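Trainee: I would like a close look at a single part of this model, the second largest pocket, and then at the elements that surround the rest of the picture. Please take it in one connected answer.

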Amino acid sequence: MKFTLSWLREHLDTTASVDEIAETLTDLGLEVEGVENPAEKLRDFTIGKVTTAEQHPDADRLRVCMVETDEGTKQIICGAPNARAGITVVVAKPGTYVPGIDTTIQVGKIRGVESYGMMASEREMELSDEHDGIIELPSGEVGQSFADWLAENDPARVDPVIEIAITPNRQDALGVEGIARDLAARGLGTKIDRPITPVKGTGPSPIKVTIDDDTLDGAPYFAGRVIKGVKNGPSPAWLQARLKAIGLRPISALVDITNFMTFDRNRPLHVFDADKVHGDLRVHRAEGGEELLALDEKTYTFEPGMIVISGGKAVESIAGVMGGE
């Protein structure tokens with residue numbers, strides 16, 4: 001189970017440090033398997049400003065940039081299409097380790113012209129997969145630590161991530177709220193109550209749900225709600241960042257919301273497209289041989305007895321695990 005420090009603090013009012021939280025969790029039986037602090041690997045990156053960007057004399061796709069840094073103006077060769085005068089950038093000076101390319105920057109010559117560092121993209125710093133150009137910051141002072149800038153302007157990017165081991169008797173700790181409750185009971189802070197206001201249904205559901213008798217021991221309960229007028233699309237940036245921080249791939253707003261609620265409240269959810277569900281939903285055991293193209297873009301073949309959810313004759317999802325593409 002993974003969660004970020006800021007996520008925990010949405011459920012727990014505490015001033016405890018990451019180390020204090022980790023020690024207390026292990027003492028409670030929720031053994032901490034690791035703590036990742038993204039700010040640490042970005043500590044040596046600083047903010048700079050490009051003052052000039054001229055065409056490289058011997059390479060069409062390269063520019064010779066003069067960049068203001070905390071060590072004075074430095075010449076840096078850059079091949080990014082957005083390298084130009086006036087932009088605020090992230091600089092890796094000689095001696096800086098760049099995790100995304102597993103390289104320590106050195107002074108070198110590129111096509112005969114000396115370069116004293118590099119200007120980084122998000123992928124090179126393992127912040128995202130974006131690598132179409134170097135980072136352009138909307139603010140920042142020359143020489144400022146980029147990690148400090150992120151902490152002020154985009155804290156989710158440098159949020160410490162805590163991973164704990166869950167034993168079979170601690171299902172309550174499979175959600176951030178449950179972890180916060182346990183820490184509060186231990187005296188490490190005060191639990192923040194975030195009640196959810198029920199939304200009353202209006203009319204019967206056009207899609208019914210049944211659970212086969214021989215499946216009740218493995219899936220005793222299923223609740224559903226039809227929501228109309230929904231427009232799907234990318235989820236907000238804050239939600240995508242939160243899911244990425246714990247190792248999940250953002251897919252769409254509806255799927256990301258269900259994943260968020262699964263980890264936030266320990267309430268596993270799945271969203272079906274009502275227009276594509278043929279008939280009613282049936283929770284049952286697979287006969288064997290059925291296949292499903294799942295959200296992770298892999299095709300799964302089911303063995304007899306595995307629990308699945310079908311719409312009509314087609315399997316729609318792996319019950320309690322993953323939905324179909």
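Mentor: The second largest pocket holds about 630 Å³ of space. The model is a predicted one. The lining of this pocket counts 24 residues, and E126, L127, S128, K244 and A245 are those nearest its centre. Two elements, α3 (38-41) and α6, each give two or more residues to that lining. The largest share is that of α6, with six residues. Sorted by class, the lining has ten nonpolar, three polar and eleven charged residues.

Helix α6 (237-245) also leads on to α7, since α6 is among the elements that cover the buried residues of α7, together with α1 (5-8) and α5 (176-185). The buried residues in question are A253, V255, D256, T258, F260, T262, D264 and R265. Helix α7 covers residues 253-265, and its length can be checked: at 1.5 Å a residue its 13 residues should span 18 Å, and because the end C-alpha atoms are 18 Å apart, the two values agree. After α7 comes N266, with a positive phi near 60 degrees.

Helix α5 deserves a closer look through one of its residues, D182. The relative accessibility of D182 is 18%, so this residue counts as buried, the cut-off being under 20%. Apart from neighbours within four places in sequence, D182 is in contact with L28, L30 and R170.

A second single residue is S121, which sits in the loop between β12 (118-119) and α4 (146-153). Its relative accessibility is 5%, and S121 therefore counts as buried. Setting aside residues up to four places away in sequence, S121 touches E130, H131, G133, I134 and I135.

Strand β12, at the start of that loop, belongs to an open sheet of five strands in the order β6-β5-β4-β7-β12, with antiparallel pairing. The edge strands of the sheet are β6 (72-78) and β12, each of which pairs on one side only. Within the sheet, β4 (residues 46-55) and β7 (residues 88-92) run antiparallel and are joined by four bridges. T46 has V91 in β7 as its bridge partner.

The last part to describe is a run of three strands later in the chain, β19, β20 and β21. Strand β19 (residues 307-311) pairs with β20 in the antiparallel sense over four bridges, and G311 has A314 in β20 as its bridge partner. These two strands form a hairpin with two residues between them, and G312 in the turn has a positive phi of about 70 degrees. On to the next pair: β20 is joined to β21 (residues 322-323) by two bridges, and the strands run antiparallel. Here I318 stands opposite M322 in β21. The hairpin of β20 and β21 has three residues between the strands, and G320 takes a positive phi near 70 degrees. Strand β20 (residues 314-318) takes part in both hairpins. Four of its five residues are buried, so β20 is largely enclosed by the rest of the structure.

Notes. Residues numbered from 1 in each chain as written. Predicted model: local features only at pLDDT ≥ 70, side-chain atom pairs only at ≥ 80, totals over all residues. Heavy atoms only, no water. Expected span 1.5 Å × (residues − 1). Buried < 20%, exposed > 50% of the residue type's maximum accessible area, 1.4 Å probe, protein only. Contact = heavy atoms within 4.5 Å. Pairing = 2+ DSSP bridges. 1 Å grid on protein atoms, 1.4 Å probe; cavity = no way out; pocket = protein on both sides within 12 Å on 5 of 7 lines; lining within 4 Å. Points joined across faces, edges and corners; volume = space filled by probe spheres on them. Nonpolar A, V, L, I, M, F, W, Y, C, P; charged D, E, K, R; others polar.
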